[in-house]
Amino acid sequence: MSSNTSNLPLNLPVFEFLRNKRVILASGSPRRKDLLNQIGLYDFEVVVSEFAEDLDKSKYTVHEYVQHTATEKAIAVYKRQIEQGYEPALIIAADTIVLSENVVVEKPKNPMDHFHMLKGLRDELLPHRVFTSIACIAPLDEPVYPGYNLQNHTEETQVFFAKDVSDEFLSAYVASGEAVDAAGGYCIQGKGSLLIDRIAGDYNNVVGLPLKALVQLMEKTIFQDAGDQSSEDE
């Protein structure tokens, strides 16, 4: 099989439907872009959402927080596209958070914060958890409010940090600059793999986009009946 053929998406109705149609990734994450390429999606636009991502975490459960954030990202991009007169066939948005001892671990603020973040993940007794929520939007053919089908899915993966990683090793990783923009402060698909002992769940979820769940959600969003709309967590 040639490399050109192996890079094509699977011969499935959802990919055939999207051929030559506008697909938008509502995220500027290079990791999510690479993951879409991994399943054969190359012809898509990147439109970063203008949603502020400033929801009050104290008012939501973890699942609610990531779902609402991903949903608001998707809706913000969809509305902007409609206002500009460019209706897309599909919008994919996502939000990923890391939870350590029931505390959300954000992106590192500076090298010192980065070091203490990784040290905390190493020293906690239980594995930390990575949650990614995906929101997909597809327009409806029928004039039914709100004019689109919105579906959500949230994936959880447990990550077991290697306990034998030294402080010197953590400092060297911070100095590499690899994960300054990553929630949790490491990139499992890069040098950050050296920090991880094992995981339980979807590997791609830790990278930023659970691919198996994404394809299923795309199918559900595009092909579901307009009169049978329901979000996974509703």
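**Close-up 1. Contacts of asparagine 7 in the predicted model**. Leaving aside neighbours within four places in sequence, asparagine 7 is in contact with Gly40 and Tyr42. Asparagine 7 sits in the loop between helix 1 (3-6) and helix 2 (13-18). Its relative accessible area is 37%, so asparagine 7 is partly exposed. Isoleucine 39 is 32 residues away from asparagine 7 in sequence. In space, the two C-alpha atoms are 7.8 Å apart.

**Close-up 2. Valine 77 in helix 4**. Helix 4 spans residues 62-83 and holds valine 77. The relative accessible area of valine 77 is 0%, so this residue is buried. Residues up to four places away in sequence are not counted among the contacts that follow. Valine 77 touches Ile24, Ala26, Val47, Val48, Ser49 and Ile91. Valine 103 makes a contrast with asparagine 7's partner: valine 77 and valine 103 are 26 residues apart in sequence and 29 Å apart in space, C-alpha to C-alpha.

**Close-up 3. The two covered faces of strand 3**. Strand 3 covers residues 90-100. Eleven of its eleven residues are buried. In a regular strand, side chains alternate between the two faces of the sheet. One side of strand 3 carries Leu90, Ile92, Ala94, Thr96, Val98 and Ser100. The other side carries Ile91, Ala93, Asp95, Ile97 and Leu99. Both sets are buried, and both faces are covered.

**Close-up 4. Strand 3 and its pairing with strands 1 and 5**. Strand 1 (residues 23-25) pairs with strand 3 in the parallel sense, over three bridges. Here isoleucine 24 has isoleucine 91 as its bridge partner in strand 3. Both of these isoleucines are also among the residues that valine 77 touches. Strand 5 (residues 128-139) pairs with strand 3 in the antiparallel sense, over nine bridges. Threonine 96 stands opposite threonine 132 of strand 5.

**Close-up 5. The hairpin of strand 3 and strand 4**. Strand 4 takes in residues 103-105. Strands 3 and 4 run antiparallel and are joined by three bridges. Leucine 99 has valine 104 as its bridge partner in strand 4. Two residues lie between the strands of this hairpin. Glutamate 101 takes a positive phi near 50 degrees.

**Close-up 6. The aromatic pair of phenylalanine 161 and tyrosine 186**. The model has three aromatic pairs. In one of them, the ring centres of phenylalanine 161 and tyrosine 186 are 6.3 Å apart. Their planes stand at 85 degrees, so the pair is edge-to-face. The pair links distant parts of the chain, 25 residues apart. Phenylalanine 161 belongs to strand 6 (residues 148-161). Tyrosine 186 lies in the loop between helix 6 (167-176) and strand 7 (196-200). Both rings belong to buried residues: phenylalanine 161 has a relative accessible area of 4%, and tyrosine 186 has 5%.

**Close-up 7. Charges over the rings of phenylalanine 17 and phenylalanine 160**. The charged end of lysine 21 sits over the ring of phenylalanine 17. Its distance from the ring centre is 4.5 Å. Arginine 198 lies over the face of phenylalanine 160. Here the distance to the ring centre is 3.7 Å.

Methods:
Residues numbered from 1 in each chain as written. Predicted model: local features only at pLDDT ≥ 70, side-chain atom pairs only at ≥ 80, totals over all residues. Heavy atoms only, no water. Phe/Tyr/Trp six-rings, centres within 6.5 Å; stacked < 30°, edge-to-face > 60°. Helix = DSSP H or I, 4+ residues; strand = E, 2+ residues; numbered from the N terminus. Buried < 20%, exposed > 50% of the residue type's maximum accessible area, 1.4 Å probe, protein only. Lys NZ or Arg CZ within 6 Å of the ring centre and 35° of its normal. Contact = heavy atoms within 4.5 Å. Pairing = 2+ DSSP bridges.
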